[in-house]
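Here is a short report on one predicted model. Read it alongside the sequence and the coordinates.

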Amino acid sequence: DLEYLGRNDDQVKIRGFRIELGEIQAALLGHPEVRDAAVLVSDSDSGDRRLVAYVVPRGEADAGDAARWQSWLSARLPGHMVPSSYVELGRFPLTPNGKLDRRALPAPE
């Protein structure tokens, strides 16, 4: 018997497009006001999947940061790769091994 447990990389399929989450994260890290970033897929109650960017900004957070980050990514990535939600954090939650604890990230509003 062969049991399929899922993909072992960060590639996801949303609305028919295969998306590499690391590519979005790398583009977001290129922004001068971003210290750290992670991109995940969030499943809504209605079954819709969307991209969510978790960002640790450099310095103080500003109310217009999410709009600037979205504009930055829109100029560099295709529309289907631009996250629809942005969550600002002071720092990322880490596992005891020092890796990003994806389960501890807050849900987007």
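Glutamate 60 sits in the loop between S4 and H2. Is glutamate 60 buried or exposed? The cut-off for exposed is over 50% relative accessible area. Glutamate 60 has 75%, so the residue counts as exposed. Its C-alpha atom is 17 Å from that of leucine 29. Along the chain, these two residues are 31 apart.

Serine 85 is a contrasting case. This residue belongs to strand S5. Its relative accessibility is 9%. Buried means under 20%, so serine 85 is classed as buried. Which residues does serine 85 touch, leaving aside those up to four places away in sequence? They are Arg50, Leu51, Val52, Ala53 and Pro108. With arginine 50 there is also a polar contact between the side chains, at 2.5 Å.

Arginine 50 leads on to the sheet. In S4, arginine 50 stands opposite serine 42. S3 and S4 (residues 49-57) run antiparallel to each other and are paired over nine bridges. The sheet is open and has three strands, in the order S3-S4-S5, with mixed pairing. Why do S3 (34-43) and S5 (85-88) each have one side without a neighbour in the sheet? Both stand at the edges with a single partner strand, so one side of each is left free of a sheet neighbour. On average, neighbouring strands of this sheet are turned by 25° against each other, direction ignored.

Next come the helices. H1 lies across S3 and S4. H2 packs on the sheet and touches S3, S4 and S5. The table gives the angle of each helix to one strand.

| Helix | Residues | Strand for the angle | Angle |
|---|---|---|---|
| H1 | residues 21-29 | S3 | about 150° |
| H2 | residues 65-74 | S5 | about 130° |

A hairpin remains to be described. Strand S1 (residues 11-14) pairs with strand S2 (residues 17-20) in the antiparallel sense, over four bridges. Valine 12 has isoleucine 19 in S2 as its bridge partner. How many residues lie between the strands of this hairpin? There are two residues between S1 and S2. In this hairpin, arginine 15 takes a positive phi near 50°.

Terms used
Residues numbered from 1 in each chain as written. Predicted model: local features only at pLDDT ≥ 70, side-chain atom pairs only at ≥ 80, totals over all residues. Heavy atoms only, no water. Pairing = 2+ DSSP bridges. Axes fitted to C-alpha atoms, helices over the stretch in contact; angles between N-to-C directions. Contact = heavy atoms within 4.5 Å. Buried < 20%, exposed > 50% of the residue type's maximum accessible area, 1.4 Å probe, protein only. Polar contact = N/O pair within 3.5 Å; in protein donor to acceptor, adjacent residues only side chain to side chain.
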